[in-house]
Amino acid sequence: MTAQSSSATRGTRVLVLNSGSSSVKYQLLDMATHERLAVGLVERIGEETSRLKHTPLATGGDAREQNRRIADHAEALNAVADELAADGLGLDSPELAAIGHRVVHGGLKFTEPTVVDDAVLAEIERLIPVAPLHNPANLTGIRTAAELRPDLPQVAVFDTAFHTTMPESAARYAIDVATADEHRVRRYGFHGTSHAYVSRKTAELLGKDPSEVNLIVLHLGNGASASAVRGGRCVDTSMGLTPLEGLVMGTRSGDVDPAVIFHLMRVGKMSPDEIDILLNQKSGLVGLCGDNDMREIRRRIDEGDEAARLAFDIYIHRLKKYIGAYYAVLGRVDAIAFTAGVGENAAPVREAAVAGLEELGLAVDGELNSVRSDEARIISPEYARVAVAVVPTDEELEIAQQTYALVGDARDRNA
């Protein structure tokens with residue numbers, strides 16, 4: 001694959017692809033209006049019965065669903081192309097300016113969105129050992145899309161990019177430097193497109209330029225991460241070499257003493273693969289109480305379930321530790337922003353996370369906190385020194401914006 005010239009790009013549409021190991025999420029957006037024209041998901045790729053759900057927002061039509069075997073990503077993307085074409089939004093449209101791809105790990109090399117060429121593909125592939133579950137699927141999505149539209153810019157937007165501004169004091173682990181460098185062991189951080197989008201939107205909510213604002217962003221979904229953002233630049237984040245470090249998550253442990261791994265190997269006679277599965281898939285909330293859905297956990301708490309209560313308390317305890325740590329890192333905090341599925345929808349989590357932190361200027365207004373809304377909003381009382389905000393994330397829009405800005409710049413240069 002070679003890089004394609006953007007000089008012929010005239011359209012205003014961007015197709016965003018998020019290719020997982022057995023799924024493809026997609027959105028088609030018009031960047032002139034930020035309108036979503038179509039959204040969809042292909043899941044269970046390679047299984048006996050796959051599922052494609054496509055919603056044509058531009059036409060106002062009903063969602064369409066297919067349940068059949070979809071053998072691989074190539075077949076999945078061809079099926080997506082057919083669905084878009086059925087709505088007059090096909091990949092052959094001259095309105096399509098580029099295809100933007102979520103790529104989980106960009107290492108230190110990729111600090112901004114990048115038009116994909118052979119060298120970029122090779123570097124993404126080289127990073128597979130530090131992102132074995134994600135980068136291979138991301139590569140498959142890019143290569144398949146390029147086969148469908150070889151004349152169109154394919155743009156990689158990296159989850160790690162926003163965090164490359166971390167100083168070495170935050171990014172380095174305290175292990176032998178030569179060993180760390182040889183094996184690329186350092187803290188990279190993830191969820192970067194979400195943290196970038198939410199930090200910018202929170203500054204807008206405060207009526208300030210991002211360069212004027214210090215923020216703590218809490219991306220709380222099944223995967224969860226925190227970041228300390230000073231003047232629009234990340235200076236620390238909770239995830240590390242992989243997305244396992246940091247907060248308690250749906251199925252991931254977050255921070256543990258590294259010696260736990262050696263203990264399980266020596267005493268528990270567990271293999272590295274078994275420990276990997278334990279910490280990534282059988283830990284966190286699901287390991288503590290059997291559920292990783294915060295709504296179900298809260299329901300169980302209301303019924304007096306002690307296991308669910310303990311899981312919630314451990315989750316909140318870790319969250320508070322990171323709020324306090326990042327408050328210390330930043331020195332001054334203007335706002336804390338909750339985002340993603342749990343952060344946006346679980347009022348009890350937001351309330352508990354800042355409870356007892358009044359001396360730090362943090363509080364939530366119970367009435368404001370209980371409101372359900374898709375809009376960015378402040379939920380702290382007027383007297384609070386630090387704003388507490390709920391800011392819905394939009395990673396697809398962020399990827400589309402970064403993609404369109406990149407191909408637009410290239411087009412202008414080549415005009």
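The side chains of Arg-200 and Glu-398 meet in a salt bridge, with N and O 2.6 Å apart; a salt bridge is a side-chain nitrogen of Lys or Arg within 4 Å of a carboxyl oxygen of Asp or Glu. The pair links distant parts of the chain, since Arg-200 lies in helix α6 (residues 192-205) and Glu-398 in helix α15 (residues 395-414), 198 residues apart. Helices (H or I, at least four residues) and strands (E, at least two) are DSSP runs, numbered from the N terminus. Arg-200 counts as partly exposed at 27% relative accessibility, whereas Glu-398, at 4%, counts as buried. Here buried means under 20% relative accessible area, exposed over 50%, and partly exposed in between (1.4 Å probe, protein chains only).

This is a predicted model, in which local features need pLDDT of at least 70 and side-chain atom pairs count only at pLDDT 80 or more, while totals for chains, interfaces and linings use all residues. Residues are numbered from 1 along each chain as its sequence is written, and side-chain values use heavy atoms, with hydrogens and water left out.

The structure holds 25 salt bridges. One of them joins Glu-123 to Arg-126, with the closest N and O atoms 2.8 Å apart. These two residues are separated by about one helical turn, because they stand 3 residues apart in helix α2 (residues 118-126). Glu-123 is buried at 13% relative accessibility, and Arg-126 is partly exposed at 40%.

Helix α2 also packs against helix α3, at an angle of about 160° and with the axes 9 Å apart. Axes are lines fitted to C-alpha atoms, for helices over the stretch in contact, and angles run from 0 to 180 degrees between N-to-C directions. The two helices α2 and α3 are therefore roughly antiparallel, a term for angles over 145 degrees. The contact (heavy atoms within 4.5 Å) is made by Leu-121, Ile-124 and Glu-125 of α2 and by Asn-135, Leu-139, Ile-142 and Arg-143 of α3.

The next element is an open sheet of 8 strands with mixed pairing, in the order β5-β4-β3-β2-β1-β6-β8-β7. Two strands pair if DSSP finds at least two bridges between them. Strands β5 (64-68) and β7 (114-115) stand at the edges, each with a single partner strand, so one side of each has no neighbour in the sheet. Helix α3 (residues 135-148) packs on this sheet and touches β1 (13-19), β6 (96-103) and β8 (154-158), its direction making about 165° with that of β6.

At the β5 edge, strand β4 (residues 50-55) runs antiparallel to β5 and is joined to it by 5 bridges. Asn-67 in β5 is the bridge partner of Arg-51. Arg-51 also belongs to a network of salt bridges that links Glu-43, Arg-44, Arg-51 and Glu-65. Within this network, the side chains of Arg-44 and Glu-43 meet at 4.0 Å, N to O. Arg-44 is partly exposed at 31% relative accessibility, as is Glu-43 at 21%.

Further along the chain, strand β10 (residues 224-230) has 6 of its 7 residues buried, so it is largely enclosed by the rest of the structure. Strand β9 (residues 214-220) runs antiparallel to β10, and 7 bridges join them; Ile-216 has Ala-228 in β10 as its bridge partner. The two strands β9 and β10 form a hairpin with 3 residues between them. Strand β11 (residues 233-237) also pairs with β10 in the antiparallel sense, over 4 bridges, and Ser-227 stands opposite Thr-237 in β11. The hairpin of β10 and β11 has 2 residues between its strands, and Gly-231 in the turn has a positive phi of about 60°.

Technical notes: Angles under 35 degrees count as roughly parallel, over 145 as roughly antiparallel, 65 to 115 as roughly perpendicular and the rest as oblique.
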